[in-house]
Structure formats: structure tokens, C-alpha cells
Amino acid sequence: MCELKKEHIKQEYKLVGKLMVSAHTVQLKQLDSKHQKDADIEQKKSSKDVLDEVRGYREEHKDKTADKDELERKVREHRNKLAKQTAEKRNQLESQRLAERQQLVEDHETRLQQLQENETTAISLLEQDVT
């Protein structure tokens, strides 16, 4: 009888574990999808901002720079500076996203570990009741 109850407890916890893993997988996929969507939006926004900034810079310096080659060199330097800033911002956001994902994974691992501990406790309590 006790062995049957133990087996029943193990099966219940195994099923709950599978459900938790499925839920965790869905959460991770949703988070990854959200991060990708955010990254795409940020990429489009930053590309537009850089283009607008470069146009503005060119217009602003067009009258101040007589030599066309000199103007294009300054515009290129400014564009490169903006590209570097954009890349740094993108890397920072990616680091934040990875940290958020890692935290979610750690939370999932903690929940699964707690589930295993609960199973062990339930079996232990069952054995104590029998004796």
C-alpha cells in the first residue's frame, strides 16, 4: 500500500514537473520574441535617427565648409561616431536582455528544485505516517 502511494506521489510530481518545464519553455519563447521585437523596433528607430542626424549635420556644415570633399569627410566621421554610439547602446541593451533571460532561467531552475524537494518531503511524510 505504501509503495503504491509512493509511486502515485512520484507520478504526480513527475507530471507537475513536465507541466512546469512546458510553461517555462513558453515563457522563454515569449521573452525571446519580445526581445526580438524590441530589438527590431530599436534598430529601425536608431537607423532613422542616425540618417536624420547625418542629414542635419550635412545641412548645418554645408555653408561652413567650402570644399565638398572636406564636408563629406566630416559627414563620414560624424556618421561613424553615431554608428559607434548606436552599437554601444545596442550592446548594452543586449546585455540587459541576456541578464533578464538568465534570471528567468535561474527562477525556473529554483522552482524545479523546490518541486523535487517537495516530492522528497511528501514521500518522507508518507513513510513517517506508515511507521
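Contact here means that heavy atoms lie within 4.5 Å of each other. Keep that in mind for the views below, which come from a predicted model.

**View 1. The whole chain is built from 2 helices and 0 strands.**
With a radius of gyration of 29 Å, well over the 14 Å that the globule rule gives for 131 residues, the chain is more spread out than a compact globule. Follow the C-alpha trace along its principal axes and you get a span of about 95 × 15 × 15 Å. Now for the contacts: take those between residues at least 6 apart in sequence, and 81% of them join residues at least 24 apart. How much of the chain is buried? Buried residues account for 21% of the 131 residues. As for the outside, the accessible surface adds up to about 10100 Å², and carbon and sulfur atoms own 52% of that.

**View 2. Here is the largest nonpolar core, with 6 residues.**
Its members are Val-50, Val-54, Tyr-57, Leu-71, Val-75 and Leu-82. Both helices chip in: α1 (2–62) and α2 (68–130) each supply at least two residues of this core. In soluble globular proteins, nonpolar side chains tend to be buried together. Zoom in on Val-50 and skip its neighbours within four places in sequence: Val-50 is then in contact with Leu-82 and Thr-86.

**View 3. Lys-6 sits in helix α1 and pairs up with Glu-127 through a polar contact.**
Is Lys-6 buried or exposed? Its relative accessible area is 14%, and that is under the 20% cut-off, so Lys-6 counts as buried. The polar contact runs from the side chain of Lys-6 to the side chain of Glu-127, at 2.7 Å. Leave out the neighbours within four places in sequence, and Lys-6 is in contact with Ile-123, Leu-126 and Glu-127.

**View 4. His-35 is another residue of helix α1, shown here with Glu-100, its polar contact partner.**
At 9% relative accessibility, His-35 falls under the 20% cut-off, so this histidine is buried. Which residues does His-35 touch, not counting those up to four places away in sequence? They are Arg-97 and Glu-100. With Glu-100 the link is a polar contact between the two side chains, at 3.1 Å.

Technical notes. Residues are numbered from 1 along each chain as its sequence is written. This is a predicted model: local features need pLDDT of at least 70, side-chain atom pairs count only at pLDDT 80 or more; totals for chains, interfaces and linings use all residues. Side-chain values use heavy atoms; hydrogens and water are left out. A nonpolar core is a set of buried Ala, Val, Leu, Ile, Met, Phe, Trp, Tyr and Cys residues joined through side-chain atoms within 4.5 Å. Buried means under 20% relative accessible area, exposed over 50%, partly exposed in between (1.4 Å probe, protein chains only). Helices (H or I, at least four residues) and strands (E, at least two) are DSSP runs, numbered from the N terminus. A polar contact is a pair of N or O atoms within 3.5 Å; within protein, one must be able to donate a hydrogen and the other to accept it, and residues adjacent in sequence count only if both atoms are side-chain atoms. The radius of gyration is taken over C-alpha atoms; the globule rule is 2.2 Å times the number of residues to the power 0.38. Accessible areas come from the Shrake-Rupley method with a 1.4 Å probe; for residues, only the protein chains shown count as cover.
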